[in-house]
Amino acid sequence: MNDMKAFRPSRRSLLSWGGVAALSAAGLGSGMSSAYAAGGIPASKLIRVEGNTGPAYFREKALHHGTVLQSIGFDNVNRRIYIAQLMQGGIRLAGESSALSGATRDLHGDLTVTQWDMSGNITGHMYLRGFGHGVSFGVEPSGTSTYLWFEVDAVRDTDKMTSRGQRICRFKFVNTNTPLDATSTSLQKFTPVAGSTTNTVSIDPVHNRLVHRYNLGGMRFAVHDLAKARAGDFGSPLVDIAQPAVKIDPQVYGKPSFQGYAVGGSYLYLLHGNSYDYYQDHDGNPSTPKINISRQGEGNTHLTSVNLNTGQVVKTFHSRAAHTLSFREPEGLAIQIPNPATPGVFRLCMGFASGLEPGKRLASIYYKDDLIQP
């Protein structure tokens with residue numbers, strides 16, 4: 001979510017809430033079972049979203065820009081980490097007559113991607129112009145190179161001053177100040193579902209699958225074989241499910257913003273939440289005051305696990321991970337494989353933005369790694 005006054009509705013939630021309207025009311029190989037479940041994805045182990053979160057993987061590291069991070073991803077082969085964020089205001093890129101404001105960058109769908117090494121040091125960056133909001137992206141290693149999958153062809157919403165991708169795309173990460181434009185012929189572009197909007201993408205690095213989130217009369221998730229997707233074949237998804245409703249107490253936590261997703265095997269993981277001291281009209285009644293739905297030290301961050309073969313929620317858990325951070329906004333989920341030699345042992349990583357001053361935000365990553373056999 002962007003830096004904004006706490007009482008304003010989240011731009012991300014306004015576009016993605018339809019998928020949770022009832023809220024309250026190349027990879028590393030196989031870590032999967034050989035037996036297929038009814039929905040077409042092999043049954044796999046599940047990361048427990050409940051319980052304690054491990055220590056911070058990274059805590060309050062700088063990104064190329066000081067805006068709130070939007071999403072995270074790992075190149076588990078080449079040992080690199082990528083973080084997407086909206087471009088900050090005051091930057092003038094090649095071909096622009098003047099520097100643009102942060103609000104204009106959001107409207108245009110202009111993003112910055114920071115590359116970290118495995119110690120959280122900045123080792124590169126890339127500008128994406130006209131892509132979207134960066135809610136999620138996929139990371140695909142190829143030899144010593146890294147290819148990124150992103151939303152693209154940003155559709156502008158002038159009422160909410162933001163944008164979302166009309167299609168998805170694939171491109172090679174290059175450390176450069178020269179922006180990559182959505183119109184570039186170097187992009188591989190795909191339209192997995194004709195007529196869809198709010199398109200984003202993620203990759204399951206353990207099982208070599210691409211995950212496509214899209215809106216077509218409601219938010220949905222489709223999972224595809226990565227090699228087929230790369231070849232443009234989206235005709236036979238392994239599963240295609242509606243984003244399920246998540247039960248969260250609106251009297252305490254309001255309607256938390258959707259902040260990211262990831263897939264590991266036969267399970268989908270969802271992230272919801274807002275920054276500290278975020279006020280919201282939680283009941284739709286103008287005569288009642290807005291309430292603080294994300295109190296200091298507690299927040300309203302929730303992790304949810306979903307069975308992809310049934311489309312049903314397995315567990316929703318209120319997480320206090322990173323609760324000592326200032327500001328603390330949950331942003332982004334990704335699967336990480338700590339040791340490439342054992343791809344079946346993986347983590348669910350959560351991104352958090354911190355820092356009290358807009359324009360000087362920092363990034364933290366926490367994780368859960370308790371794998372169980374349901």
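Start with the aromatic rings: this predicted model holds 13 aromatic pairs. Select Phe 221 and Tyr 261 to see one of them. Their ring centres are 5.1 Å apart and the planes meet at 70°, so this pair is edge-to-face. Show the ribbon as well: Phe 221 belongs to strand S14 and Tyr 261 to strand S16 (residues 258-264), so the two rings tie together parts that are 40 residues apart in sequence. Are these rings buried or exposed? Phe 221 is buried, with a relative accessible area of 0%, and Tyr 261 is buried with a value of 0% too.

Next, pick Tyr 57, Phe 58, Phe 74, Trp 116 and Tyr 367 together. Ring pairs link these residues into a cluster.

Stay with Phe 74 for a moment. You will find Phe 74 in strand S3 (residues 69-75), and at 4% relative accessibility this residue counts as buried. Now add Gln 336 to the selection and draw a distance between the C-alpha atoms: Phe 74 and Gln 336 are 262 residues apart along the chain, yet these two atoms are separated by 6.0 Å. What else is in contact with Phe 74, leaving aside its neighbours within four places in sequence? Select Tyr 57, Arg 80, Ile 81, Val 139, Ala 334, Ile 335, Gln 336, Cys 349 and Ile 365, and you have the list.

From rings alone, move on to charges over rings. Centre the view on Arg 213 and Phe 258: the charged end of Arg 213 sits over the ring of Phe 258, 3.8 Å from its centre. Then go to Tyr 147, where Arg 170 lies over the face of the ring, at 4.0 Å from the ring centre.

Keep Arg 170 selected and add Glu 140. These two form a salt bridge, with the closest N and O atoms 2.8 Å apart. Glu 140 is in strand S7 (residues 138-142) and Arg 170 in strand S9 (residues 162-172), so the pair links distant parts of the chain, 30 residues apart. Turn on the surface here: both Glu 140 and Arg 170 are buried. Arg 170 thus gives you two things to look at, the ring of Tyr 147 and the salt bridge to Glu 140.

How many salt bridges are there in the model? The count comes to 14. For another one, select Arg 129 and Glu 96, whose closest N and O atoms are 3.2 Å apart. Arg 129 lies in strand S6 (residues 122-129), while Glu 96 is in the loop between strand S4 (80-86) and helix H2 (102-108), so this salt bridge ties together parts that are 33 residues apart in sequence. Arg 129 counts as buried at 16% relative accessibility, and Glu 96 counts as buried at 13%.

Now jump to Asp 240 and Arg 220, whose side chains meet in a salt bridge (2.8 Å, N to O). Asp 240 lies in strand S15 (residues 239-242) and Arg 220 in strand S14 (residues 219-225), so the pair joins parts that are 20 residues apart in sequence. With the surface on, Asp 240 is partly exposed, with a relative accessible area of 31%, and Arg 220 is partly exposed at 25%.

For the last stop, extend the earlier selection of Arg 129 and Glu 96 with Arg 105, Asp 110 and Asp 181. Salt bridges that share partners join these five residues into one network.

Methods:
Residues are numbered from 1 along each chain as its sequence is written. This is a predicted model: local features need pLDDT of at least 70, side-chain atom pairs count only at pLDDT 80 or more; totals for chains, interfaces and linings use all residues. Side-chain values use heavy atoms; hydrogens and water are left out. A salt bridge is a side-chain nitrogen of Lys or Arg within 4 Å of a carboxyl oxygen of Asp or Glu. Helices (H or I, at least four residues) and strands (E, at least two) are DSSP runs, numbered from the N terminus. Buried means under 20% relative accessible area, exposed over 50%, partly exposed in between (1.4 Å probe, protein chains only). Rings of Phe, Tyr and Trp (its six-membered ring) pair if their centres lie within 6.5 Å; planes under 30 degrees apart count as stacked, over 60 as edge-to-face and the rest as tilted. A charge sits over a ring if NZ of Lys or CZ of Arg is within 6 Å of the ring centre and within 35 degrees of the ring normal. Contact means heavy atoms within 4.5 Å.
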